[in-house]
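Here are a few exercises to work through with the model open beside you. Try each task before reading its solution.

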Amino acid sequence: MFIRQLEYMVALARERHFVRAAQSCSVSQPALSEGIRKLEKELDVPLIRRGNKFEGLTAEGQELVLWARKILADRDAMNDEIGAMRIGIRGQLRFGSIPTASIAVSLLNAPFCESHPLARVQVVSDLTSDDVLARLSSYEIDAGITYIQDPVPDEFRVFPLYRERYVLLTTGNAGAPSAASATWAQAAALPLCLLAPSMQGRRRLDDIFAEAGIGPEPRLETDSVASLFAHVTTGSWATVVPAAWLHVFGVPANLRAVPLVGPERSVPVGLLTLARVPTPILVRALASVVESTDLTFLEHLPGGPMR
């Protein structure tokens, strides 16, 4: 059994297509297929369900891919550790996050990359909380930022970062709250522009509205944060967003950011890594950055605390 054959299996599980898997491994499709056939012969089990095209992995193939990802992750971690002894920390840190935490990812990656100029970072920022846990468990990412609400399994290490708090972005038009805070009921009465119902951030808002006994009826929905802000800046809509977003997009000149109360809700956000022993050097380096970086200012409006 060769490491290369394990790479072929992981690539095929990811791409679900022989030609694309071969291209991602920089080999010909016949070479990839032959490598997998030799692996099947050595293990004496079928790994691929074959037909006129790729039809999926067998149960044995799925199990092998789980082991292969761990073996390859340990291989990479070993190479990074030994390489760091010669020339410093290098390699690729694979980072995943829920969409609302993208700014936290950037605020951690900046000092990480500054401290380790030979290292590279790959970011996937459209994951759900379940996706983050699943990709960590399958060794597809090295670290992930997500909501920390339920008890986290012992296989993960948790680094608390900040609490996600919500604000209403609105104009000074009639009907808009003029006080220093607003209720969720007041927000629901405005012409709202919100993220699409399929998005995790929207589902979290719907839960809070429901807790307040309200069912919001947005006049416009979008699957893009940039599109959300673009529409709200016209002054025709109001929206509800995490305070952390305002540290990226700012508060548009014609709008007010008003903290939401009644109920006042926040959700803890944290960074997770696998509790691996030994801990890969890239993960140790990121953990050092996390422990020395205070992100709690993301709980507040830009320029001051939530009032």
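Rings of Phe, Tyr and Trp (its six-membered ring) pair if their centres lie within 6.5 Å; planes over 60 degrees apart make the pair edge-to-face. Keep in mind that this is a predicted model.

**Exercise 1. The aromatic cluster**

Task: Work out which residues form one aromatic cluster, and how their rings are arranged.

Solution:
- Start with the search of the whole structure, which turns up 5 aromatic pairs.
- Take Y166 and W184: their ring centres are 6.0 Å apart and the planes sit at 70°, so this pair is edge-to-face.
- Now place the two partners. Y166 belongs to strand β6 (residues 156–170) and W184 to helix α7 (residues 184–188), so the pair links parts of the chain 18 residues apart.
- Go on from W184 to F209. That pair is also edge-to-face, with 5.0 Å from centre to centre and 90° between the planes.
- F209 lies in helix α8 (residues 200–211) and W184 in helix α7, so this second pair ties together parts that are 25 residues apart in sequence.
- Check the surroundings: Y166 and W184 are both buried, and F209 is buried too.
- Put the pieces together: Y166, W184 and F209 make up one aromatic cluster.

**Exercise 2. A buried acid**

Task: Find the nearest side chain of opposite charge to D80, and decide what that says about a salt bridge.

Solution:
- Locate D80 first: helix α4 (residues 59–87) holds it.
- D80 is buried, and the nearest side chain of opposite charge is R90, 5.3 Å away.
- A salt bridge needs a side-chain nitrogen of Lys or Arg within 4 Å of a carboxyl oxygen of Asp or Glu. D80 has no salt bridge.
- See what D80 does touch: leaving out residues up to four places away in sequence, the list is R90, G91, I281 and L282.

**Exercise 3. Along helix α4**

Task: Say whether R86 is buried or exposed, and how far D74 is from it in space.

Solution:
- R86 sits in helix α4.
- Its relative accessibility is 60%, so R86 counts as exposed.
- From R86 to D74 you count 12 residues in sequence, and the C-alpha to C-alpha distance is 19 Å.

**Exercise 4. Backbone oddities in loops**

Task: Look at the peptide bonds leading into P263 and P278: are they cis or trans? Then read phi for R16 and S26.

Solution:
- The bond joining G262 and P263 is cis, with omega about 5°. P263 is in the loop between β11 (256–261) and β12 (266–274).
- From V277 to P278 the bond is cis as well, and omega is near 0°. P278 falls in the loop between β12 and α11 (281–291).
- R16 isn't a glycine, yet its phi is positive, near 55°. You'll find R16 in the loop between α1 (3–15) and α2 (18–24); at 48% relative accessibility, R16 counts as partly exposed.
- S26 has a positive phi too, near 60°. The loop between α2 and α3 (29–43) carries S26, and S26 is exposed, with a relative accessible area of 66%.

**Exercise 5. Stepping back**

Task: Sum up the protein chain's secondary structure, burial and contacts.

Solution:
- Count the elements: 11 helices and 12 strands.
- Of the 307 residues, 47% count as buried.
- Among contacts with a separation of 6 or more, residues 24 or more positions apart account for 73%.

Technical notes: Residues numbered from 1 in each chain as written. Predicted model: local features only at pLDDT ≥ 70, side-chain atom pairs only at ≥ 80, totals over all residues. Heavy atoms only, no water. Helix = DSSP H or I, 4+ residues; strand = E, 2+ residues; numbered from the N terminus. Buried < 20%, exposed > 50% of the residue type's maximum accessible area, 1.4 Å probe, protein only. Contact = heavy atoms within 4.5 Å. Lys, Arg positive; Asp, Glu negative; His and termini not counted. Phe/Tyr/Trp six-rings, centres within 6.5 Å; stacked < 30°, edge-to-face > 60°.
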